[in-house]
Amino acid sequence: MSGGGTETPVGCEAAAGGGSKKRDSLGTAGSAHLIIKDLGEIHSRLLDHRPVIQGETRYFVKEFEEKRGLREMRVLENLKNMIHEANEHTLPRCRDTMRDNLNQVLQRLQAANESVYRLQQREQERKKIHSDHLIASEKQHMLQWDDFMKEQPNKRAEVDEEHRKAMERLKEQYAEMEKDLAKFSTF
């Protein structure tokens with residue numbers, strides 16, 4: 001293929017000194033066919049890498065899937081161990097702690113409810129006493145007002161009577177003063 005020498009095709013035997021039976025029986029057309037076939041093999045080995053690449057790809061995929069499968073198995077095993085640990089140890093501990101704490105919280109809530117109930121009762125009693133006191137005080141004020149209003153005509157009559165008497169006294173006093181003035185005016 002390159003260079004100035006003669007080449008011998010792969011798969012064909014060159015006759016150094018004599019003829020070969022195989023070559024003779026095939027003739028020139030058969031030898032050309034063999035040369036083309038050999039050239040195809042050489043070409044595919046040297047230039048066509050698809051089979052090698054396909055083999056390498058299959059190997060890589062197989063290794064990757066095995067490693068991925070092993071990694072997934074490890075992950076699943078770890079998850080299984082974690083779930084087992086949680087079910088066997090963590091959950092019972094949490095449940096017991098929750099029960100203890102919930103009982104304490106429930107007791108505290110009941111005590112708080114009772115305290116609030118007592119406070120509400122006291123507040124309602126205080127409001128009732130206060131409203132009863134206000135109602136009684138209002139009734140007393142109304143009675144006092146009614147008594148005051150009933151006394152007003154009598155007191156007015158008294159004041160009018162006193163005023164009338166005072167006016168009469170003043171009239172008498174002025175009348176006497178006029179008499180006295182009249183005595184002195186004659187001088």
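A salt bridge is a side-chain nitrogen of Lys or Arg within 4 Å of a carboxyl oxygen of Asp or Glu. The model used in these exercises is predicted. It holds seven salt bridges.

**Exercise 1.** Determine whether lysine 80 and glutamate 77 qualify as a salt bridge, and locate the pair.

*Solution.*
- Take the distance: the closest N and O atoms are 3.8 Å apart.
- Apply the cut-off: the limit is 4 Å, so lysine 80 and glutamate 77 form a salt bridge.
- Locate the pair: the two residues are three apart in helix α2, which means about one helical turn between them.
- Check the exposure: glutamate 77 has a relative accessible area of 39% and is partly exposed.

**Exercise 2.** Which residues do salt bridges with shared partners join into one network?

*Solution.*
- Start with arginine 164 and glutamate 161: their side chains meet at 2.1 Å, N to O. Both lie in helix α2, three residues apart.
- Add glutamate 168: its salt bridge with arginine 164 has the closest N and O atoms 2.6 Å apart. These two are four residues apart in helix α2, again about one helical turn.
- Combine: Glu161, Arg164 and Glu168 form one network.
- Check the exposure: arginine 164 is partly exposed at 39%, as are glutamate 161 at 31% and glutamate 168 at 38%.

**Exercise 3.** Classify the structure's one aromatic pair: stacked, edge-to-face or tilted?

*Solution.*
- Take the geometry: the rings of tryptophan 145 and phenylalanine 148 have centres 5.6 Å apart and planes at 35 degrees.
- Apply the cut-offs: stacked needs under 30 degrees and edge-to-face over 60. The pair is therefore tilted.
- Locate the pair: tryptophan 145 and phenylalanine 148 sit three residues apart in helix α2 (residues 50–185).

Notes: Residues numbered from 1 in each chain as written. Predicted model: local features only at pLDDT ≥ 70, side-chain atom pairs only at ≥ 80, totals over all residues. Heavy atoms only, no water. Phe/Tyr/Trp six-rings, centres within 6.5 Å; stacked < 30°, edge-to-face > 60°. Buried < 20%, exposed > 50% of the residue type's maximum accessible area, 1.4 Å probe, protein only.
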